[in-house]
Amino acid sequence: MPTETDVILDRCEQLATISSRPDRLERVHLSPEHKAANALVAEWMSEAGLSTWQDAAGNQCGRLEGREPGLPALLIGSHIDTVPDAGRYDGMLGVLLAIAVAARIHEKRTELPFALEVVAFSDEEGTRFGMALLGSRALAGTWNEDWWSLTDKDGITLAEAFQDFGLDPARLPGAFRRPENYVGYLETHIEQGPILEDHDRRLAVVTSIAGARRYAITITGKAGHAGGTPFDRRRDALVGASELVVEVERISKQRGVIGTVGRLQAFPGGVNVIPGRVELSLDLRAEFDDERDGALAEVWASAEEICSRRGLHLEKHELYRADAVPCDPRLMRAIGAGIRATGDAEPMAFWSRAGHDGMAVVALTPIAMLFLRCRGGISHHPDEAVKKADVAAALDAFEAAVLAVADD
Ligand code: GLV
Ligand code: MN
Ligand code: MN
């Protein structure tokens, strides 16, 4: 007889097969694979005793009534979309743990003073449209109409992608929730860093989520012949961009923030052509927004200096901004109580370097998170791995945290 943990891990494997790539996991917002994953998650939600629906933003939802119908809900869940070449636990594990907690509450006929609403958010990563948290921002009612014209790499707009998926952009406000209908949001997620493993601990309370800003940067110089153009006449955009990449690392380390250039493309891309244009991304995050913004100002100053020295032109465009979010003290206490119920008398607590849907949900209702250890702290990579015993502990802690919210 498989245990609940076996079922959760098997379902992570099943979801990992729903990919747009034969050789790796990639499942982006509003894709056919997103639709298939939602359908599977809806089946599992129904099996757990939940009534299910897909909301007007493509979030897959399920609801279990509390001790009487129609009570405000505790929202629990995570996201179902992935980065390119993803691991199988980032997001998915949190969705499956939330379904498993709801199943336990349903089976034991535990009477809660709130409903449980489980959500599989449609877009946390921003892989397809560059703008992250689209599912959770819709749910929280913080939608920006400008986003409809965002395009993916094939030039498909967000509005068109909604229609292709079978959703009507005009009906999006139907996804907006009302604060009075929620008591809070809890999410379980792999840590995506090495702190728990380094301390030989399984679970932690998240204290806050890092603030992040993301940019698309274009550096323009002049393409030319790789043989015939002397160095003193070159305006090589890639050499300038390379200097900037190194500066991002230097400034980030010096200031204790986290800066990453994850994407870089040189044009026209010929082996014997000096790169005339480079497009690159910047992701900059920190525990506090002023630290993030201070580092960003230094990055731009350095970029201007590099470009003026090399005769290059710099353009930057902000793709995404999410300010740092503190977790709610009352809900953090519930997460702490949940971890203590698993035998850990003094739970670790630290801030999340990774972004999460809670950054958007906080506009609707208070949030808190439970972290579980992942192997080597590795995430956003197919080597993502968790221990079965840690998943079992996370399930117990998550259920106990929900009960602690009820007792508070
Ligand atoms: C989401 O995983 C992020 O932190 O970028
Ligand atoms: Mn992620
Ligand atoms: Mn995630």
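In this predicted model, the side chain of Asp293 makes a polar contact of 2.9 Å with the side chain of Arg213. Asp293 is placed in helix α8, and when residues up to four places away in sequence are left aside, the residues that Asp293 touches are Arg213 and Arg321. With a relative accessibility of 25%, Asp293 counts as partly exposed, because that value falls between the 20% under which a residue is called buried and the 50% over which a residue is called exposed. The C-alpha atom of Asp293 is separated by 32 Å from that of Leu30, a residue 263 places away along the chain.

Helix α8, which spans residues 289-310, also holds Ser302. Unlike a residue that counts as partly exposed, Ser302 is buried, its relative accessible area being 11%. The side chain of Ser302 is joined to that of Glu247 by a polar contact of 2.7 Å, and Glu247 appears again, together with Ile251, among the residues that Ser302 touches once those up to four places away in sequence are not counted.

Two manganese ions, ligand 2 and ligand 3, are found 3.5 Å apart in the model, and Asp90 coordinates both of them. For the manganese ion that is ligand 3, the protein donors are His79 through NE2, Asp90 through OD and His189 through NE2, at 2.0 to 2.2 Å from the ion. Along the sequence these donor residues follow the spacing H-x10-D-x98-H. His79 belongs to strand β3 (residues 73-79), whereas Asp90 belongs to the loop between β3 and α3 (92-107), so the pair ties together parts that are eleven residues apart in sequence. Both of these residues, His79 and Asp90, are buried.

For the manganese ion that is ligand 2, the protein donors are Asp90 (OD), Glu125, which is listed with OE twice, and His380 (NE2), and the distances from the ion run from 2.1 to 2.7 Å. The donor residues of this ion, ligand 2, are spaced D-x34-E-x254-H in sequence. Here Asp90, in the loop between β3 and α3, is paired with Glu125, in the loop between β4 (115-121) and α4 (134-140), and the pair therefore ties together parts that are 35 residues apart in sequence. The relative accessible area of Asp90 is 6%, which makes Asp90 buried, and Glu125 is likewise buried, with a relative accessible area of 10%.

The packing of helices was examined for two pairs. In the pair formed by helix α9 (residues 329-340) and helix α11 (residues 388-407), the axes lie 7 Å apart and the helices pack at an angle of about 135 degrees, which makes α9 oblique to α11. The crossing of α9 and α11 is right-handed. On the α9 side, the residues that meet α11 are Arg330, Leu331, Ala334, Ile335, Ala337, Gly338 and Ile339, and on the α11 side their partners are Ala397, Ala400, Ala401, Ala404 and Val405.

In the pair formed by helix α2 (residues 32-47) and α3, the axes come within 9 Å and cross at roughly 20 degrees, so that α2 and α3 are roughly parallel to each other. This crossing of α2 past α3 is right-handed. The residues of α2 that take part are Val41, Trp44 and Met45, which meet Val95, Leu96 and Ile99 in α3.

Some features of the backbone in loops remain to be described. Phe267 and Pro268 are joined by a cis peptide bond, for which omega is about 5 degrees, and Pro268 is placed in the loop between β10 (264-267) and β11 (273-274). Arg109, although not a glycine, has a positive phi of about 55 degrees; Arg109 lies in the loop between α3 and β4 and, at 69% relative accessibility, counts as exposed. A positive phi, near 55 degrees, is also found for Asp200, which is a residue other than glycine. Asp200 lies in the loop between α6 (195-198) and β6 (203-209), and its relative accessibility of 64% places Asp200 among residues that count as exposed.

Methods
Residues are numbered from 1 along each chain as its sequence is written. Chains are lettered from A and ligands numbered from 1 in the order in which they are written. This is a predicted model: local features need pLDDT of at least 70, side-chain atom pairs count only at pLDDT 80 or more; totals for chains, interfaces and linings use all residues. Side-chain values use heavy atoms; hydrogens and water are left out. Donors are N, O and S atoms within 2.8 Å of the metal (3.2 Å for Na, K and Ca); water is not among the atoms, so sites may look incomplete. Helices (H or I, at least four residues) and strands (E, at least two) are DSSP runs, numbered from the N terminus. Buried means under 20% relative accessible area, exposed over 50%, partly exposed in between (1.4 Å probe, protein chains only). A polar contact is a pair of N or O atoms within 3.5 Å; within protein, one must be able to donate a hydrogen and the other to accept it, and residues adjacent in sequence count only if both atoms are side-chain atoms. Contact means heavy atoms within 4.5 Å. Axes are lines fitted to C-alpha atoms, for helices over the stretch in contact, and angles run from 0 to 180 degrees between N-to-C directions. Angles under 35 degrees count as roughly parallel, over 145 as roughly antiparallel, 65 to 115 as roughly perpendicular and the rest as oblique. A crossing is left-handed if the near helix is turned anticlockwise from the far one by less than a right angle, and right-handed if clockwise.
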